[in-house]
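Open the model in your viewer and keep the sequence panel at hand. We will move from one selection to the next, and at each stop I will tell you what is there.

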Amino acid sequence: MHLPFLFMKDFTELESQGSFYFKPVLAERYNVSCFFFTRLGGLSKGPFSSFNFSFQVGDNPEDVRKNFTRLKKITKAYKIITLDQIHSDNVFIYDGRGKREWGDAIITAQRRVFIGVKTADCLPVILLDKKNNVIAAVHAGWRGTVKNILGKTISILYQKFNTRSEDILVFTGPHICENCYEVSEEIAVRFPSGCFSKKDGKFYASLLKANIFFAKDSGVLASNIYSLNLCTKENEIFFSYRRDKETGRMISGIMFN
Ligand SMILES: [Zn+2]
C-alpha cells in the first residue's frame, strides 16, 4: 500500500511496519519523535479499517489492542499514554506514575513515553518546549477549542515547567477544514473573530485558525507554528466522523527519545 503523494511543507511522509504517518521535519533536531498517523496500516476491519485507536466506537477491542502493540513497535516507546477524551479542558500531567485518566491534553517530561491524542476531524496539537524537554499533546474539537484547552495547556507549561514562550514549537495535524466544517451559528460565534465564516446563510468554523489564535495569544511565536494542513473529510487516508459517521480514530503524538 502506498500513500498518495502529498507534498507538505515542513512535514515528511513515512512508513513503518506497514503504517503510514507524517512527521514534522523540525522535530528531528530536538531528539523527539512526533507522529501524525493516517488510518492506513492497522489491523481493524470494516468501518474501522484499519489503524483505529478508540475502544469507544464499536470496534473489536482485540483489534484496537493489536494496533496499540503495533504503535509501540513503531514509536519504540516504553509506555503509551492516551486519555479517555471527553471534549473537556482537563489537562493531565503524566509524571511517571498514576492511573489511566480522562481529559483532552497530556503533558509529560518523561523519556520514552509516547503521549497521544485520538481524532477523526478534531485538531491534534503537539507541543514541544525545545529547551526544557517537556512535551504535550492536545485534542481540540470545537468544545475544547472554545474552552481554550490549548491556552490552558501552555499556561501549565509556563507555571509548572518553567517553559519560556519563545521555546515552544507547535505542530498541528490533519483535521476537518473550514470549508467542510459547517456548524450552527451558536457554535460559530463562540470562536474568536476571524476564525469562522458565513456563506449562503451557513456558518463554518476553523479549528486551525482558532487554535493558532489561542497559541499566539498565549505567547507562542507565529514562526514556531507548523501546520500539516490536510483535511480529514476530503482525504480518504484519514478517518472522518463527518464523512463516515461510523468510523475509527487516528492517533497523533510525541515522545522524547
Ligand atoms: Zn475539507
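Start by selecting F11 and P24: P24, in β2, is the bridge partner of F11. Strands here are DSSP runs of E with at least two residues, helices are runs of H or I with at least four, and both are numbered from the N terminus. Two strands count as paired if DSSP finds at least two bridges between them. β1 and β2 pass that test with 6 bridges, in the antiparallel sense.

Before going further, note that this is a predicted model, in which local features need pLDDT of at least 70 and side-chain atom pairs count only at pLDDT 80 or more, while totals for chains, interfaces and linings use all residues. Residue numbers start from 1 along each chain as its sequence is written.

**The hairpin turn**

Now select Q17, in the loop between β1 (11–16) and β2 (19–24). The hairpin of these strands has 2 residues between them, and Q17 has a positive phi of about 55 degrees although it is not a glycine. Is Q17 buried or exposed? Burial is judged by counting other C-beta atoms, placed from the backbone, within 10 Å of a residue's own: 20 or more means buried, 12 or fewer exposed, and anything in between partly exposed. Q17 has 10 such neighbours, so Q17 counts as exposed.

**Across the sheet**

Move on to F22, which stands opposite F36 in β3. β2 and β3 are antiparallel, with 2 bridges between them. Then colour the whole open sheet of 6 strands, in the order β1-β2-β3-β15-β7-β4; its pairing is mixed. At the edges are β1 and β4, each pairing on one side only. From one strand to the next the twist averages 30 degrees; for such angles, axes are lines fitted to C-alpha atoms, for helices over the stretch in contact, and angles run from 0 to 180 degrees between N-to-C directions.

At the β4 end, select K79 and V113: V113, in β7, is the bridge partner of K79. β4 and β7 (residues 113–119) run parallel and are joined by 3 bridges.

**The helix over the sheet**

Show α1 next. This helix lies across β1, β2, β3, β4, β7 and β15 (250–256), and runs at about 120 degrees to β4. Contact means that the C-beta atoms of two residues, placed from the backbone, lie within 7 Å.

Two backbone details are worth a stop here. In the loop between β3 (32–37) and α1 (61–75) you will find S50, and the peptide bond joining S49 and S50 is cis, with omega about -5 degrees. In the loop between α1 and β4 (79–81), select K76. Phi of K76 is near 60 degrees, a positive value in a residue other than glycine. K76 is exposed, with 12 other C-beta atoms within 10 Å.

**A covered helix**

Jump to α5, residues 207–217, where 8 of the 11 residues are buried. Among them are L207, L208, I212, F213 and F214. Zoom in on A215, also in α5: A215 is buried, with 25 other C-beta atoms within 10 Å. Which residues does A215 touch, leaving aside its neighbours within four places in sequence? Select L150, V170, V220 and I225, the contacts of A215 on that basis. For a long ruler line, draw the C-alpha to C-alpha distance from A215 to D59: the two are 34 Å apart in space and 156 residues apart in sequence. After α5 comes G219, with a positive phi near 105 degrees.

**A three-stranded sheet**

Select V183 and F203: F203, in β13, is the bridge partner of V183. β11 and β13 (residues 202–205) run antiparallel, joined by 2 bridges. They belong to an open sheet of 3 strands with antiparallel pairing, in the order β11-β13-β12. The edges are β11 (182–183) and β12 (196–199), each pairing on one side only.

**Zooming out**

Finally, show the whole chain, with its 6 helices and 15 strands. Its radius of gyration (taken over C-alpha atoms) is 17 Å. The globule rule, 2.2 Å times the number of residues to the power 0.38, gives 18 Å for 257 residues, so the chain is as compact as a globular protein of that length. The C-alpha trace spans about 45 × 45 × 35 Å along its principal axes. Of the 257 residues, 46% count as buried. Among contacts with a separation of 6 or more, 60% are between residues 24 or more positions apart.
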